[in-house]
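Work through these short exercises with the model open beside you. Try each task before reading its solution.

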Amino acid sequence: AGVGLYWFGYLRLRRRGDAWPLGRVIAWTLGWLVVVGVTSSGIGRYSTAQFSTHMILHMSLNMLGPILLVMGGPITLALRVAPAHKPGQPAGLHEWISAVMGWPFLRHLYNPLFVWIEFVGSYWLLYFTNIFNLALRYHWAHQLLDLQFVFIGYLFYGLVIVVDKPPRSLPHIGKLGLVFAAMPFHAFFGVIVMTQSTIIAKEL
């Protein structure tokens with residue numbers, strides 16, 4: 001559905017004579033291919049049985065897929081496809097999208113500190129608590145976990161890459177700082193996981 005709607009918007013712009021970078025189309029399509037590929041292939045099937053395979057799934061959904069999706073700029077495309085209505089006319093898709101992007105809750109959701117805590121803290125919370133056991137035991141919990149990976153990854157890279165203007169923007173030094181602030185915590189997490197003597201999710 002995501003790929004189909006995006007291509008519909010892209011082709012509509014082309015028929016109207018408006019330009020849209022082909023690279024964004026490719027990035028958006030590849031992003032969803034990554035998400036579907038890792039969840040619906042052997043990687044997704046064995047991610048609950050083999051920790052290394054699970055981490056491939058996790059990293060793909062949390063980093064690779066969201067980067068490509070953000071580079072697609074879907075919000076900007078939707079605003080370009082749906083023209084703004086004239087004063088006095090009923091609100092259309094353009095106005096609804098603009099209203100949602102200006103929604104105070106969305107602005108709080110894009111708070112850099114909140115996004116950083118979610119992006120970094122989700123690793124520690126997931127693998128060092130009973131949440132990971134729950135995700136391995138129940139299919140619905142695993143699906144929610146996959147959605148969370150994609151969602152928080154999209155928020156993080158949406159602030160850093162900024163193809164679609166987020167409700168709360170950062171200066172370039174802030175974007176760099178956000179990335180550098182996340183790197184050591186990911187590295188520490190990897191070291192702790194590889195050196196610990198206890199088995200993660202040994203008992204389900």
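The exercises below go from the whole chain down to single residues.

**Exercise 1. The overall picture**

Task: Find how many helices and strands the protein chain has, and describe its extent and burial.

Solution:
- Step 1. Note the kind of model: it is predicted.
- Step 2. Count the elements. The protein chain has 11 helices and zero strands. Read from the N terminus, the order is α-α-α-α-α-α-α-α-α-α-α.
- Step 3. Take the extent. The C-alpha trace spans about 65 × 35 × 30 Å along its principal axes.
- Step 4. Check burial. Of the 204 residues, 38% count as buried.
- Step 5. Look at contacts along the sequence. Take those with a separation of 6 or more: 72% of them join residues 24 or more positions apart.

**Exercise 2. A pair of helices**

Task: Describe how helix 8 and helix 10 pack, and state which residues meet.

Solution:
- Step 1. Recall what to report. Two packed helices are described by an angle between axes and a distance between axes.
- Step 2. Locate the pair. Helix 8 covers residues 112–127, and helix 10 covers residues 139–161.
- Step 3. Give the geometry. The angle is about 145°, and the axes lie 9 Å apart. Helix 8 passes helix 10 in a left-handed crossing.
- Step 4. List the contact. From helix 8 come P112, V115, E118, F119, S122, L126 and Y127. They meet residues of helix 10, including L145, F149, I152, G153 and F156.
- Step 5. Sort the contact residues by type. There are 12 nonpolar, three polar and one charged.

**Exercise 3. The nonpolar cores**

Task: Find the largest nonpolar core and say which residues have the most contacts inside it.

Solution:
- Step 1. Start from the general tendency. In soluble globular proteins, nonpolar side chains tend to be buried together.
- Step 2. Size the core. The largest one has 26 residues. W20, L61 and Y127 have the most contacts inside it.
- Step 3. Trace the elements that give two or more residues to this core. Among them are helix 1 (2–16), helix 2 (22–40), helix 4 (51–72) and helix 11 (172–195).
- Step 4. Look around L61. Beyond its neighbours within four places in sequence, L61 is in contact with V35, V38, T39, P66, D146, F149 and V150.
- Step 5. Find the other core. Apart from the largest lies another of 16 residues, among them V70, L106, Y157 and L178.

**Exercise 4. One salt bridge**

Task: Which residue forms a salt bridge with D18?

Solution:
- Step 1. Search the whole structure. One salt bridge turns up.
- Step 2. Name the partner. D18 pairs with R16, and their closest N and O atoms are 3.0 Å apart.
- Step 3. Apply the cut-off. The pair qualifies because a salt bridge needs the nitrogen and oxygen within 4 Å.
- Step 4. Check exposure. D18 is partly exposed, at 27% relative accessible area. R16 is partly exposed too, at 40%.

**Exercise 5. Two residues, two settings**

Task: Is H142 buried or exposed? What does F185 touch?

Solution:
- Step 1. Place H142. This residue is found in helix 10.
- Step 2. Judge its burial. H142 has a relative accessible area of 7%, so it is buried, the limit being under 20%.
- Step 3. List its contacts. Residues up to four places away in sequence aside, H142 touches S47, T48, L57 and A135.
- Step 4. Turn to F185 in helix 11. F185 is partly exposed, with a relative accessible area of 33%.
- Step 5. List its contacts, with the same sequence neighbours left out. F185 touches W116, V120 and W124.

How values were computed:
Residues are numbered from 1 along each chain as its sequence is written. This is a predicted model: local features need pLDDT of at least 70, side-chain atom pairs count only at pLDDT 80 or more; totals for chains, interfaces and linings use all residues. Side-chain values use heavy atoms; hydrogens and water are left out. A salt bridge is a side-chain nitrogen of Lys or Arg within 4 Å of a carboxyl oxygen of Asp or Glu. Buried means under 20% relative accessible area, exposed over 50%, partly exposed in between (1.4 Å probe, protein chains only). Axes are lines fitted to C-alpha atoms, for helices over the stretch in contact, and angles run from 0 to 180 degrees between N-to-C directions. Helices (H or I, at least four residues) and strands (E, at least two) are DSSP runs, numbered from the N terminus. A crossing is left-handed if the near helix is turned anticlockwise from the far one by less than a right angle, and right-handed if clockwise. Contact means heavy atoms within 4.5 Å. Ala, Val, Leu, Ile, Met, Phe, Trp, Tyr, Cys and Pro count as nonpolar, Asp, Glu, Lys and Arg as charged, and the others, Gly among them, as polar. A nonpolar core is a set of buried Ala, Val, Leu, Ile, Met, Phe, Trp, Tyr and Cys residues joined through side-chain atoms within 4.5 Å.
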